[in-house]
Amino acid sequence: MRMPTPSDSYPLQGARLPCLVGGELVQSPAAFENISPVDGRVLCTVAEADAALVDRAVQAARAALRGPWGRLGTVERCALLRKVADAIERRSAEFVAAEIADTGKTLQQASTLDIPRGAANFRAYADLAMARASECYEMGTADGRGALNYSLHKPVGVVAVIAPWNLPFLLLTWKVAPALACGNAVIAKPSEETPSSAALLAQVMQEVGVPPGVFNLLHGFGANSTGEALVSHPDVNAIAFTGESATGSAIMRSAAASVKALSFELGGKNASLVFADADFEAALAGTVRSVFSNCGQVCLCSERVYVERPLFERFVAALTERARALKIGGPYEGADLGPLISRAHRDKVLSYYRLARAEDGEILCGGGVPQFDDARDRGAFIEPTIVRGLREDARCVREEIFGPICHVAPFDSEEQAVQLANDTRYGLAAAVWTSSLQRAHRVARAMEVGIVWVNDWFLRDLRTPFGGVKLSGIGREGGMHSLAFFSEAMNVCIKL
Ligand code: NAD
Ligand code: 6OD
């Protein structure tokens with residue numbers, strides 16, 4: 001029997017994906033190939049927006065703000081967002097196939113996390129925008145008549161949304177939905193590695209009647225291409241970006257000239273702390289998930305696992321056994337781990353596997369590339385890897401790798417665990433495994449990160465603040481925090 005491949009059901013096979021600008025599907029002279037990380041096949045080609053097309057998108061967005069969209073109330077806007085969610089759900093099989101084709105991620109993950117979360121993002125922000133109240137303050141005045149202050153929430157204007165490739169649809173919609181809920185006009189640029197689910201979203205926006213220019217989609221690369229032209233465009237008001245910290249710095253430089261509002265969700269080098277009093281099975285299963293989910297390509301993944309010394313050897317042995325048992329394979333094969341996003345990213349991760357050896361780490365499992373003896377050998381598969389024995393100043397312990405690898409090390413006290421976890425230039429997330437309620441609160445508060453999970457990992461309530469400190473980001477998204485970023489609050493003071 002022939003093994004099913006993602007391109008069997010890929011809805012955009014062989015297409016030349018256009019951009020969406022001012023309600024029109026637009027091709028451009030330049031195009032690039034979208035390559036499957038499962039077997040190296042070309043899935044489709046994609047129009048690369050040049051600076052002129054970027055400018056056209058900005059003008060279209062600006063015009064949309066002056067048109068009927070700018071006069072629509074929150075109720076009508078949110079009704080439209082719910083229609084977007086409904087349409088994503090109606091077409092979820094296509095979205096799942098598109099996401100899988102671009103990323104090689106497992107059917108299980110795409111169908112239970114990525115695509116449902118995309119629809120949920122639109123519903124959640126429709127609900128949140130409906131629930132947002134204005135502030136109102138009465139004040140006294142010398143004449144005794146007083147004054148009334150109330151706040152208005154206005155759109156920021158033209159918003160650029162720039163997304164990465166690891167959770168393409170989840171992360172794009174995480175920003176597009178609140179931006180639209182607040183009445184902005186959006187220009188979305190998905191990663192060049194993952195254009196397909198965004199292309200389907202553009203179709204959905206047109207289907208449900210989002211007015212022309214309100215949602216624009218530009219495909220292309222980052223530096224010296226579409227992304228850079230977009231973030232340096234003087235008439236873009238705000239940028240919501242998720243991606244690497246170094247890219248965040250580059251975007252900040254581009255955006256500085258016109259002082260744009262920035263929301264950055266960046267890289268991480270996240271720690272898991274496993275205390276000796278933890279529920280062993282829960283901590284083990286949770287750590288397997290936090291290290292290897294999406295082949296280690298989640299910004300929240302744990303790349304540093306610290307275990308209290310009495311538990312260390314037992315925990316590491318069990319973790320290694322679980323890692324060895326993980327099945328690597330294509331998205332439709334019931335595997336635990338798909339490929340990395342691309343051969344280029346695999347080269348980067350493999351360079352860290354080599355570096356771990358050079359830095360005198362002991363490779364407990366993995367460390368290489370699996371051999372399939374079929375088309376998958378042309379893909380970007382890699383082995384899950386656990387390393388021990390590295391110094392805390394080793395590059396493998398300090399730099400974000402973004403692959404299925406962690407370093408394990410023991411700790412002797414709660415104080416030392418906190419110190420080790422915080423000794424990093426990043427500060428996105430941490431996982432703490434303990435059965436002590438007091439320790440849970442104490443350690444959680446001491447973590448220098450934006451998000452701590454105690455006895456779980458990547459458990460999400462979309463109303464909560466999400467973001468990082470240090471190199472991991474600027475600002476918070478999630479819930480009312482997103483609505484605050486995508487709105488200009490304006491005070492009106494009425495003298496009575
Ligand atoms: P990346 O920074 O390389 O690219 C992200 C996006 O930015 C892409 O669309 C790319 O085309 C664009 N881009 C690149 N250079 C640009 C420039 N100079 N100007 C404008 N746009 C530019 O990131 P990636 O490799 O796609 O994603 C992986 C990274 O993202 C990891 O570092 C990961 O930790 C991070 N990430 C963070 C979060 C979070 O919530 N904190 C979530 C997911 C991923
Ligand atoms: O769940 C989310 O809202 C979110 N922004 C997740 C980010 C995952 C990083 O790869």
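This report walks through two sheets, two helix packings and a few individual residues in a predicted model.

## The seven-stranded sheet

Let us begin with the open sheet of 7 strands, whose order is β15-β16-β17-β14-β13-β18-β19 and whose pairing is mixed. At the edges stand β15 (362-365) and β19 (451-454); each has a single partner strand, so one side of each is left without a neighbour in the sheet. From one strand to the next, the twist averages 25°. As general background, the strands of a sheet pair through backbone hydrogen bonds, in either a parallel or an antiparallel sense.

Start at the β19 end. Here β19 pairs with strand β18 (residues 429-433) in the parallel sense, over 4 bridges. If you would like a residue pair to look for, A431 has W453 of β19 as its bridge partner.

## Strand β17 and its partners

Now move along the sheet to β17 (405-411), which sits between β16 and β14 in the strand order. This strand is mostly covered, with 6 of its 7 residues buried.

On one side, β17 pairs with strand β14 (residues 302-308) in the parallel sense over 5 bridges. Within that pairing, V408 in β17 is the bridge partner of V305. Strand β16 (residues 385-388) also pairs with β17 in the parallel sense, here over 4 bridges. To find this pairing in the structure, look for T385, which stands opposite I405 in β17.

## Two residues with positive phi

Most residues other than glycine have a negative phi, which makes a pair of loop residues worth a visit. D360 is not a glycine, yet its phi is positive, at about 70°. Its place is the loop between α12 (343-358) and β15, the latter being one of the edge strands of the sheet. Because its relative accessibility is 66%, above the 50% cut-off, D360 counts as exposed.

F402 is also a residue other than glycine with a positive phi, in this case near 65°. This residue belongs to the loop between α13 (395-398) and β17. Is F402 buried or exposed? With a relative accessibility of 11%, which is under the 20% limit, F402 counts as buried. So the loop residue D360 is exposed, whereas the loop residue F402 is buried.

## Helix α5 and its two neighbours

Helix α5 (residues 107-131) takes part in two packings, and we can take helix α6 (residues 168-181) as the starting point: the axes of α5 and α6 come within 8 Å and cross at roughly 15°. That angle is under 35 degrees, so α5 counts as roughly parallel to α6. The crossing of these helices is right-handed. On the α5 side, the contact includes L113, I115, F122 and Y125, which together with other residues meet a set in α6 that includes F169, L170, W174 and V176. By type, the residues of this contact divide into 13 nonpolar, 3 polar and 2 charged.

The other packing brings in helix α4 (residues 92-103), which packs with α5 at an angle of about 120°, the axes being 9 Å apart. This angle makes α4 oblique to α5. The crossing of α4 and α5 is right-handed. From α4 come S92, F95, V96, E99 and I100, and from α5 come L107, A110, S111, D114 and I115. These contact residues divide into 6 nonpolar, 2 polar and 2 charged. D114 and I115 of α5 are listed in the contact with α4, and both are also listed in the contact with α6.

## The three-stranded sheet and L53

An open sheet of 3 strands has the order β1-β5-β4, and its pairing is mixed. Its edges are formed by β1 (16-17) and β4 (31-35), each with a single partner strand, so one side of each lacks a neighbour in the sheet. β1 runs parallel to strand β5 (residues 42-47), joined to it by 2 bridges. One bridge to find here links R16 with T45 in β5.

Our last stop is L53, a residue of helix α1 (residues 51-66). At 5% relative accessibility, L53 counts as buried. Which residues is L53 in contact with, leaving aside its neighbours within four places in sequence? They are C19, V21, V26, S28 and L218. From C-alpha to C-alpha, L53 is 9.5 Å from Q27, and the two are 26 residues apart in sequence.

How values were computed: Residues numbered from 1 in each chain as written. Chains lettered and ligands numbered in written order. Predicted model: local features only at pLDDT ≥ 70, side-chain atom pairs only at ≥ 80, totals over all residues. Heavy atoms only, no water. Pairing = 2+ DSSP bridges. Axes fitted to C-alpha atoms, helices over the stretch in contact; angles between N-to-C directions. Parallel < 35°, antiparallel > 145°, perpendicular 65-115°, else oblique. Left-handed = near helix turned anticlockwise from the far one by under 90°. Contact = heavy atoms within 4.5 Å. Nonpolar A, V, L, I, M, F, W, Y, C, P; charged D, E, K, R; others polar. Buried < 20%, exposed > 50% of the residue type's maximum accessible area, 1.4 Å probe, protein only.
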